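Take a slow look at the chain below before reading on. We will walk through it one feature at a time.

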Amino acid sequence: SLWLIILTFALLLFNSIYNELKFDEVKNARYQVVIKNLKDIRDTQLAHRAVKGVFQKDWDSLVKFIDVDSFTITQRRDSSVIDIEMTKRYGGVKTYKDIIIVDTLGFVSVKDSLFGIDERYKTMMFVPFAKNDDAKFELNAGFLNQNGINIPVFEAFVKKRVVLHDQSVNLVLKENQVQSVDGVNGASLKIGSMNEVNTNGNWPKNYSKDK
């Protein structure tokens, strides 16, 4: 009977370790797909800020922006012109001042620049692996006041439990408590922040080749 108890414990331990390994496998594979979407959202938001000066908190407006808007390609060059005031002051002796001229060279569409012929931006707001096909990332945008200056900020996130809805509840709860350098800390996968000027994701480098 002692052997039976030992065998039972060994089996329970094996199952526990096996289940955790399988959970990690599923979690890591799903997180990588979710992170690809979050990066597309970040790239689109940065493009929106470059063109419009602010981030966008409405998905439809963000998709429309990709479809219709363009980046302006400019070139800055140094030049000099006669400084009328100084010329008068020096009794007609021509005096010059340096200026910077910004030339508009052309325009390139945001869609071509970010996505080319790929239309994945039309579905980037939907959470992969969610129970409901229409589940979207939470999206916020606004301003953060720093030293009297309003700085645009944005945040996109999804709760881990939404991505791991079909996994062991206990293991998902344990995953929500993660605080480590090689894990995704906290209960959500997110990019950007409404509380600090930050457009990075909250995942470590082992989940993606860049931030």
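The place of I6 is in helix 1, which covers residues 2–52. Keep in mind that this is a predicted model. I6 has a relative accessibility of 42%. That value falls between the limits of 20% and 50%, so I6 counts as partly exposed. I6 also has company on the surface. Together with L2 and W3, I6 forms a nonpolar patch. The accessible area of the three residues together is about 400 Å².

Now follow helix 1 to the sheet. Helix 1 lies across strand 3, strand 4 and strand 5. Against strand 5, helix 1 runs at about 20°.

What is the order of the three strands in the open sheet? The order is 3-4-5, and the pairing is antiparallel. The edge strands are strand 3, residues 138–146, and strand 5, residues 188–192. Each of these two pairs on one side only. On average, neighbouring strands of this sheet are turned by 25° against each other, direction ignored. What holds such strands side by side? Strands of a sheet pair through backbone hydrogen bonds, either parallel or antiparallel.

Look at the two pairings in turn. Strand 3 and strand 4 run antiparallel and are joined by nine bridges. Here Q146 stands opposite I149 in strand 4. On the other side, five bridges join strand 4, residues 149–159, to strand 5. These two strands also run antiparallel. One bridge can be traced by name: F157 has K190 in strand 5 as its partner.

Next, find the turn between strand 3 and strand 4. The two strands form a hairpin, with two residues between them. N147 sits in this turn. Its phi is positive, about 55°, although N147 is not a glycine. Is N147 buried or exposed? N147 has a relative accessible area of 82%, so it is exposed.

F129 also has a positive phi. The value is about 70°, and F129 is not a glycine either. F129 lies in the loop between helix 4, residues 110–114, and strand 3. The relative accessible area of F129 is 38%, so F129 is partly exposed.

Now turn to charge. Side chains of opposite charge can pair when their charged atoms come close. How many salt bridges are there? The count comes to 13 salt bridges.

Start with the pair E175 and K27. Their closest N and O atoms are 3.3 Å apart. This salt bridge links distant parts of the chain. E175 is in helix 6, residues 169–176, while K27 is in helix 1. The two are 148 residues apart. Why does E175 count as buried? Its relative accessible area is 5%, and buried means under 20%. K27 has a relative accessibility of 9%, so K27 counts as buried too.

The salt bridge between D43 and R42 has an N to O distance of 3.6 Å. Here the partners fall into two classes. R42 is buried, with a relative accessible area of 10%. D43 has a relative accessibility of 34%, so D43 counts as partly exposed.

A third pair is R120 and D118. Their closest N and O atoms are 3.0 Å apart. R120 is partly exposed, with a relative accessible area of 35%. D118 is partly exposed, also with a relative accessible area of 35%. Some salt bridges share partners. In this way D24, K27, K160 and E175 are joined into one network.

One last stop is D69. Where is D69 found? D69 is in the loop between helix 2, residues 59–68, and strand 1, residues 70–82. The relative accessible area of D69 is 17%, so D69 is buried. Which residues does D69 touch, leaving aside its neighbours within four places in sequence? D69 is in contact with V51, K52, K64, S109 and V110.

Note on methods:
Residues are numbered from 1 along each chain as its sequence is written. This is a predicted model: local features need pLDDT of at least 70, side-chain atom pairs count only at pLDDT 80 or more; totals for chains, interfaces and linings use all residues. Side-chain values use heavy atoms; hydrogens and water are left out. Helices (H or I, at least four residues) and strands (E, at least two) are DSSP runs, numbered from the N terminus. Buried means under 20% relative accessible area, exposed over 50%, partly exposed in between (1.4 Å probe, protein chains only). Contact means heavy atoms within 4.5 Å. Patches are made of residues with over 30% relative accessible area and no salt bridge: like charges are joined within 9 Å, nonpolar side chains (Val, Leu, Ile, Met, Phe, Trp, Tyr) within 5 Å. Accessible areas come from the Shrake-Rupley method with a 1.4 Å probe; for residues, only the protein chains shown count as cover. A salt bridge is a side-chain nitrogen of Lys or Arg within 4 Å of a carboxyl oxygen of Asp or Glu. Two strands pair if DSSP finds at least two bridges between them. Axes are lines fitted to C-alpha atoms, for helices over the stretch in contact, and angles run from 0 to 180 degrees between N-to-C directions.
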